[in-house]
Amino acid sequence: MSLLETTICDIPLENPFIIASASPSASIEMIEKAFRAGWGGVVTKTIKPDFMKIEDARPRFNVVKEGKKIIGFENFELVSKKDLSYWLKGISYLKKTYPNKAVIASIMGDSSRESWSDLALQVEKSGADAIELNFSCPHGMPEMGVGAAVGQNPPIIEKITRWVSESVTVPVIVKLTPNVTSIEEAAAAAARGGADAFAAINTVESLSGIDLETFDPLPSVNGKSTYGGLSGKAVKPIGLRAVSQVARTHSLPIMGIGGISNFSDALEYIAVGACSVQVCTEVMINGFDIVKKMIIETEDYLRRKGFSSITQVQGKALGKLTTHESLVKNSPLVAAVDTAGCIGCGRCVVACEDGGYGAVSLVDKKAQIDEGLCDGCSLCTHVCPADALKLVKLEA
Ligand SMILES: Cc1cc2nc3c(=O)[nH]c(=O)nc-3n(C[C@H](O)[C@H](O)[C@H](O)COP(=O)(O)O)c2cc1C
């Protein structure tokens, strides 16, 4: 068995890297390209019944940058504009041509039972390995009473999950929104409705910027905008929190999503309980081939750590999450300077004076710690551009 083989609801995956339901899975050609690059599976762009009419705005993306680097990505793209017959033919072709790749159909009906169960039955008949319910799109669709409007309402989550799970035999995966007070409650409702697995997270509701010359909110569509969904690196901490909270309270499998851009991001999701991961924004920015490096680097990590399967990493960090109340409060930690590495920039001095305890000063262009003042908070270690500060145990 290969190091990376795993499963989601007993569906075999040659590796845990799956393309999320989004622009990179918007056509059969793109999905084939993803498979050829090495992705273990795909969740189709969300399929809707033909009678639901949607129209996308242009432009519909904006980015949050740090220098030249994109750290956040906002979109208000709606679901797939392709008709149902395109997807049914496409899914059946994909399963025949790539039998070892997982094809998960993402669907979204309206408020009627028939729309959800018909759609689910049809994609099941076309050969989809599983069905993902999009209860989580935070823009456009909620105004029509679907998307995150469903995912923010536990009784409706339960009802629609039941409609679908009673209609099909393939596994039903519920995609959860992070835009709720308690993701555990949303997951509990899905489980009561018969969900077989969870996917989390969809995008985080956002307003990514304002053009200060025109005062247009961004992305500006003829001078107006609306709230969108944030994805990419910036949302990883929210995704990890959400997945770990679901994993601590539920035993169903979880596909981790949100800000995964490399092998270690993926492994972090697996360490907090995900069995596989989905990626969207990083593929939109850097292309399908990123998976090649993710595969090699994950295998290297597993070998270095002595794991014989990626499944052994699953949930490894979960037992170490606890309440703030039970964290050790009296460990005697102070900052220590690696004098040879210190470049004398003084960033730690400013940070500690204005955001800490005034415990750092520059002596002969080197940082020096006053252990009597240092509170061991760790701020200086994070702002040091030379990695010359760390926390050590205060000698008794
Ligand atoms: C342009 C764009 C379109 C998306 N379309 C869908 C969609 O049709 N259905 C869905 O469930 N999620 C959709 N998503 C959400 C992604 O599947 C994913 O949950 C989210 O982007 C977080 O993952 P990431 O940080 O890897 O992008 C979309 C995201 C983006 C950026």
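How many aromatic pairs does a search of the whole structure find? In this predicted model, the search turns up 5 aromatic pairs. Let us look at one of them, formed by Y86 and W87. The ring centres of Y86 and W87 lie 5.3 Å apart and their planes stand at 90 degrees, so this pair is edge-to-face; planes over 60 degrees apart earn that description.

The two partners can also be told apart by their surroundings. Is W87 buried or exposed? With 0% relative accessibility, W87 counts as buried, whereas Y86, at 24%, counts as partly exposed. The cut-off for buried is under 20%, so Y86 does not fall into that class. Y86 has a further companion: the charged end of K82 sits over the ring of Y86, 5.2 Å from the ring centre.

Now let us move on to the ligand. Where does the ligand sit? You will find the ligand in the largest pocket. There are 24 residues around the ligand, and those that come nearest are S21, T46, K175, G259 and T281.

Some polar atoms are worth finding in the view as well. On the side chain of N134, an N or O atom is 3.2 Å from a nitrogen atom of the ligand. The backbone takes part too: an N or O atom of the I201 backbone lies 3.0 Å from an oxygen atom of the ligand, and a backbone N or O atom of C280 likewise lies 3.0 Å from a ligand oxygen atom. How much of the ligand does the protein bury? Taken alone, the ligand exposes 610 Å², and the protein buries 98% of that area.

Terms used
Residues numbered from 1 in each chain as written. Predicted model: local features only at pLDDT ≥ 70, side-chain atom pairs only at ≥ 80, totals over all residues. Heavy atoms only, no water. Phe/Tyr/Trp six-rings, centres within 6.5 Å; stacked < 30°, edge-to-face > 60°. Buried < 20%, exposed > 50% of the residue type's maximum accessible area, 1.4 Å probe, protein only. Lys NZ or Arg CZ within 6 Å of the ring centre and 35° of its normal. Near = heavy atom within 4 Å. Polar contact = N/O pair within 3.5 Å; in protein donor to acceptor, adjacent residues only side chain to side chain. Areas by Shrake-Rupley, 256 points an atom, 1.4 Å probe, with all protein chains shown as cover. 1 Å grid on protein atoms, 1.4 Å probe; cavity = no way out; pocket = protein on both sides within 12 Å on 5 of 7 lines; lining within 4 Å. Sits in = over half its atoms within 2 Å of the grid points.
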